[in-house]
Amino acid sequence: MPLYDFHCRDCGQTSELLIKAGDAPLCPHCGSGNMEKQLAQISPHMKTPGLIQKARAQAAREGHFSNYKPSERPRLK
């Protein structure tokens, strides 16, 4: 099953949304219903480990760990 991104024509933001078939998505940024469905880019074959490493490095630079498994996240004291 393909994944879809939705681009808001009003605010210009792109979001990946999980919606039921036939439902009209709303923009999580501005609340608009003027969304355009797009095909999400898939990761190239055998490139996934490099993409994960890049995403984790960016997450660490930005101070969040959303790309890490819960068991890999630093423990808060």
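A residue counts as exposed when its relative accessible area is over 50%, as buried when it is under 20%, and as partly exposed in between. Keep that in mind for the close-ups below, and remember that this is a predicted model.

**Figure 1. The whole chain holds 1 helix and 3 strands.** Follow the sequence from its start and you meet the elements in the pattern β-β-β-α. The chain has 77 residues, and 13% of them count as buried. Several of the residues in the views below, including Cys-8 and Ser-15, belong to that buried group.

**Figure 2. The 3 strands make an open sheet in the order β2-β1-β3.** The pairing here is antiparallel. Because β2 (14–16) and β3 (35–39) each have a single partner strand, they stand at the edges, and one side of each has no neighbour in the sheet. Going from one strand to the next, the twist averages 30°. As a general point for looking at any such view, side chains in a regular strand alternate between the two faces of the sheet.

**Figure 3. Strand β1 pairs with β2 and also with β3.** Strand β1 covers residues 4–8, and 3 bridges tie β1 to β2. With β3, β1 pairs over 5 bridges, again in the antiparallel sense. Phe-6 is a handy residue to look for: its bridge partner in β2 is Ser-15, and in β3 Phe-6 stands opposite Lys-37. Asp-5 also has a bridge partner in β2, namely Glu-16.

**Figure 4. A hairpin links β1 and β2, with 5 residues between the strands.** Within this hairpin, look for Gly-12, which takes a positive phi near 85°. Arg-9 sits in the loop between β1 and β2 too, and we come back to Arg-9 in the next view.

**Figure 5. Glu-36 and Arg-9 meet in a salt bridge.** The distance between their side chains is 3.9 Å, N to O. To count, a side-chain nitrogen of Lys or Arg has to be within 4 Å of a carboxyl oxygen of Asp or Glu, so this pair makes the cut. The total by this rule is 1 salt bridge. The two partners come from distant parts of the chain: Glu-36 belongs to strand β3, Arg-9 to the loop between β1 and β2, and 27 residues separate them. How open is each one? Arg-9 counts as exposed, at 52% relative accessibility, while Glu-36, with a relative accessible area of 32%, is partly exposed.

**Figure 6. Cys-8 and Cys-30 face each other without a disulfide.** A disulfide is a covalent bond between the sulfur atoms of two cysteines. How many does this structure hold? The count is 0. The closest cysteine sulfur to that of Cys-8 is the one in Cys-30, at 3.7 Å, and that is too far for a bond because the cut-off is 2.5 Å. Looked at from the other end, Cys-30 is in no disulfide either, with the sulfur of Cys-8 as its nearest cysteine sulfur. Their surroundings can be read from the accessibility values: Cys-8 is buried at 1%, whereas Cys-30 is partly exposed at 42%.

**Figure 7. Ser-15 reaches His-29 through a polar contact.** Ser-15 is part of strand β2. The side chains of Ser-15 and His-29 make their polar contact at 3.4 Å. Is Ser-15 buried or exposed? Ser-15 is buried, with a relative accessibility of 9%. This is also the residue that pairs with Phe-6 in the sheet.

**Figure 8. Ser-32 and Asn-34 lie in the loop between β2 and β3.** Ser-32 is buried, at 11% relative accessible area. Its side chain makes a polar contact with the side chain of Asp-10, at 2.5 Å. Asn-34, by contrast, is partly exposed, at 30% relative accessibility. Measure your way along the chain from Asn-34 to Cys-11 and you cover 23 residues, yet from C-alpha to C-alpha the two are 9.5 Å apart in space.

**Figure 9. Helix α1 covers residues 48–62.** This helix has 15 residues. From its first C-alpha to its last, α1 reaches 21 Å, close to the 21 Å expected at 1.5 Å a residue. Just past the end of α1 comes Gly-63, with a positive phi of about 85°.

Methods
Residues numbered from 1 in each chain as written. Predicted model: local features only at pLDDT ≥ 70, side-chain atom pairs only at ≥ 80, totals over all residues. Heavy atoms only, no water. Pairing = 2+ DSSP bridges. Helix = DSSP H or I, 4+ residues; strand = E, 2+ residues; numbered from the N terminus. Axes fitted to C-alpha atoms, helices over the stretch in contact; angles between N-to-C directions. Buried < 20%, exposed > 50% of the residue type's maximum accessible area, 1.4 Å probe, protein only. Expected span 1.5 Å × (residues − 1). Polar contact = N/O pair within 3.5 Å; in protein donor to acceptor, adjacent residues only side chain to side chain.
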